[in-house]
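Thanks for making the time this morning. I would like to walk you through one structure, taking it piece by piece, and you are welcome to stop me along the way.

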Amino acid sequence: IHIVAIMEQETPSLQCFITDHEGFHGTIKNSTKDFVVIEIDIHGHAVNRPLIPDDPTDLTCTEVRGSSLNKNLNANLRPENTASDEVAVGMTGLNDDDVLSQDCFDLRVILGSSANEALEQFTNRMLVCSGEQKNMEMSLGSFPDKHQRANVHRAVRHNFPFLMTVTNQEEIWVREDPGFKELSELVSEEEAEDFFRFIDAKAPGLAFTFLTDNSKEHRTRIHHFVSRRFGKLVETKSFTDQDGTAITVRLRERGRWPKKRTAADCEKQVDTYTAFTLRKENLETLEAISYMAAALGVIPSDFSYAGTKDKKGITYQSMTVKKISPQRLVELTPEFERRGMQLSRIIPASEPLRLGRLQGNHFDLVIRDVRPHGKCSSTDLETLVKEAVENVKAHGFVNYYGPQRFGNGQSIQTDQVGLALLKEDMNAAVRLFLSPDEGNAKESLALMPACRARERLMLRALHRYGKGRQGCEQAWLSLPHATRLFYLHAYCSRLWNQAASYRLRALGPRPVQGDLVQAERLRHDPTPGATHTPQVHVVTSAEERDNVFSLDQVILPMPGNTVKYPENIVGEWYRDRLAQDGLGSSRFRIPSLKLNVPGSYRPLLAIPHNITYKVHEEPQVTEHLSPQRISLLTLSFDLDASCYATVFVREIMKCEP
């Protein structure tokens with residue numbers, strides 16, 4: 001590996017290349033079709049792939065249907081009537097949107113056909129041998145992903161309410177539920193099944209009504225059973241009308257829990273989530289979310305995603321939205337398409353996405369007007385490109401954060417906003433966030449377009465609370481937590497870039513004493529491209545001498561309050577740099593904004609995967625000139641989460657693309 005340092009104009013740091021090929025000129029993002037990004041989920045699948053019914057990683061349903069997912073659910077559920085104590089026993093009249101907000105419970109989709117068939121055979125044996133053979137149980141297999149486990153639990157209990165599911169580490173077992181057997185001795189099996197589905201759904205605003213029962217003694221036994229088994233979750237009450245007396249069961253409202261309760265008892269009411277794949281063109285991720293939120297009548301923080309994507313390009317990414325049914329999302333797809341967005345794979349989901357919950361991204365790029373830095377023939381150009389791509393394929397590239405991380409080319413420099421926030425200078429942070437002509441909050445708010453949701457939220461808070469420290473704090477608190485945290489991470493990312501350049505220039509291409517390394521990179525860590533303290537090792541002098549580690553195992557810390565710093569001159573550089581920025585004693589916590597930055601670790605090098613490339617020629621027509629042939633390079637590759645394609649291309653070309 002040959003390290004070459006060049007001066008970058010935007011920052012005082014030196015940016016390094018680690019390969020020594022010649023490179024070439026070219027331009028990217030000439031059109032949106034020249035830059036296509038497809039997110040790769042944690043299972044290693046492209047998020048724009050078609051839904052496959054028997055794919056066990058598709059945890060919900062294969063498509064959105066307009067009919068009910070399970071019409072039996074309607075039998076004894078009814079909308080809660082808060083205005084009256086009168087109870088209507090029987091059908092609930094749930095509409096399609098209500099039912100579509102439930103998860104899909106098709107076990108053929110969730111478990112796969114073979115496992116589903118084995119489960120059906122087990123339940124048949126259990127029912128036949130009921131009372132003769134006790135403690136029958138069956139393993140459904142191992143499910144490493146907790147979200148997949150949650151869907152398996154929910155679907156099994158919905159389809160077979162007489163079963164209980166138990167997790168042993170990552171393995172799920174099923175066995176007979178003694179509670180179901182006890183209730184089915186008091187009511188019919190069909191009624192017991194519907195009751196257990198109601199309990200498992202925890203659907204807000206619904207209640208369950210048992211059939212009319214004029215025996216007080218019998219009703220008392222049902223009251224006692226429900227209270228003993230589910231008293232912390234629900235409450236029961238008897239109602240009498242012209243047909244007789246019946247028991248109604250309701251979910252407890254917030255603030256009406258028993259005084260002594262565990263944290264598990266305090267779960268919030270279950271929210272409706274819908275997952276989908278967003279295809280956007282020439283839009284920022286947050287800009288697309290603002291459009292969709294305005295159309296759906298929700299707020300931007302109701303959307304969640306695994307990572308943001310480039311603006312200038314065509315990108316595919318997974319998202320979830322809260323409080324919106326799949327059917328409602330389908331209805332608005334024509335409106336979204338007019339804004340440059342297409343939605344697909346619209347399915348119910350059990351919870352939101354988390355930042356960093358992806359394996360990486362696939363890129364399909366076109367680099368146009370490819371030409372050598374010097375003079376060479378077209379044959380030499382193909383050799384030049386091959387040498388460059390193969391070199392980076394073998395050695396990787398410095399894992400810098402790309403310029404889009406810092407708002408380059410925009411009026412807001414995100415890392416400077418983050419620095420002001422870390423110094424708890426709220427007024428300066430607001431000034432950096434808003435351009436000078438947005439100083440009058442009331443007038444600026446009236447002129448601000450609806451798509452700029454962040455600016456509107458902040459201006460509204462400034463107009464209400466004023467421009468003093470308290471007003472500025474309220475302005476920042478008006479933004480979603482993830483947005484506030486983004487600016488702190490931008491500062492830490494800028495510092496990481498500078499630290500990486502210093503490390504390579506000062507200590508060279510081999511791990512040395514005091515460097516931090518990881519022996520095995522963690523997968524699916526919540527912080528993209530990161531690992532945590534237990535896997536961090538400090539290189540010893542003996543390990544340096546024996547070349548135990550390689551450069552692609554070296555990691556550098558993203559500053560925070562729990563990270564370890566290198567135990568060599570790089571660690572000293574971190575301390576001096578933080579002190580220079582006025583953060584020498586920073587705890588990387590901002591209590592007033594509910595922000596905490598524990599820090600993480602990022603590999604010094606990034607390695608591209610699955611690279612394919614080809615040099616083409618195409619005619620270029622210019623005004624008043626005869627057509628000329630120009631060269632272009634098509635380039636496809638995969639990168640791990642939080643790695644930047646523009647940085648990878650820069651290493652290949654040896655210049656800014």
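Helix α4 lies across the strands β6, β7 and β8, and its direction runs at about 165 degrees to that of β7. Before I go further, please keep in mind that what you see is a predicted model.

The three strands under discussion form an open sheet in the order β6-β8-β7, and their pairing is antiparallel. At the edges sit β6, which covers residues 137-142, and β7, each of them pairing on one side only. Averaged over the sheet, and with direction ignored, neighbouring strands are turned by 25 degrees against each other. As a general reminder, the strands of a sheet pair through backbone hydrogen bonds, in either a parallel or an antiparallel way.

Looking at the two pairings in turn, β7 (residues 163-168) and β8 (residues 171-176) are joined by six bridges, while β6 and β8 pair over five bridges, again in the antiparallel sense. Ile172 of β8 is a useful residue to follow here, since Thr167 stands opposite Ile172, and Ile172 is also the bridge partner of Gly141. The hairpin made by β7 and β8 has two residues between its strands, and in this hairpin Gln169 takes a positive phi near 60 degrees.

Let me come back to α4 by way of a charged pair. Arg157 forms a salt bridge with Asp200, with the closest N and O atoms 2.7 Å apart. This pair links distant parts of the chain, as Asp200 belongs to helix α6 (residues 189-201) and Arg157 to helix α4 (residues 146-159), 43 residues apart. Asp200 counts as buried, at 17% relative accessibility, whereas Arg157 is partly exposed, with a relative accessible area of 27%.

How many salt bridges does the structure hold? The number is 24, and I will pick out two more of them. In one, Arg368 meets Asp34, the closest N and O atoms being 2.7 Å apart. Arg368 lies in strand β16 (residues 360-372) and Asp34 in the loop between β3 and β4, so this pair ties together parts that are 334 residues apart in sequence. Is Asp34 buried or exposed? Asp34 is buried, with a relative accessible area of 3%, while Arg368 is partly exposed at 23%. Asp34 and Arg368 also belong, together with Glu618, to a network of salt bridges.

In the other, the side chains of Lys309 and Glu39 meet at 2.8 Å, N to O. Lys309 lies in the loop between β13 and β14 and Glu39 in strand β4, so here the pair ties together parts that are 270 residues apart in sequence. Both Lys309 and Glu39 are buried.

Arg368 appears once more if we turn to Ser631, a residue of strand β26 (residues 628-640). Ser631 counts as buried, at 11% relative accessibility, and, leaving aside neighbours within four places in sequence, its contacts include Arg368, Asp369, Val615 and Glu617.

Finally, a pair of helices. The axes of α12 (residues 414-422) and α17 (residues 481-507) come within 7 Å and cross at roughly 105 degrees, which makes α12 roughly perpendicular to α17. Among the residues that meet are Val417, Leu421 and Leu422 in α12, and Phe486, Tyr487 and Arg494 in α17. The residues of this contact divide into nine nonpolar, two polar and three charged.

How values were computed: Residues numbered from 1 in each chain as written. Predicted model: local features only at pLDDT ≥ 70, side-chain atom pairs only at ≥ 80, totals over all residues. Heavy atoms only, no water. Helix = DSSP H or I, 4+ residues; strand = E, 2+ residues; numbered from the N terminus. Buried < 20%, exposed > 50% of the residue type's maximum accessible area, 1.4 Å probe, protein only. Contact = heavy atoms within 4.5 Å. Salt bridge = Lys/Arg side-chain N within 4 Å of Asp/Glu carboxyl O. Pairing = 2+ DSSP bridges. Axes fitted to C-alpha atoms, helices over the stretch in contact; angles between N-to-C directions. Parallel < 35°, antiparallel > 145°, perpendicular 65-115°, else oblique. Nonpolar A, V, L, I, M, F, W, Y, C, P; charged D, E, K, R; others polar.
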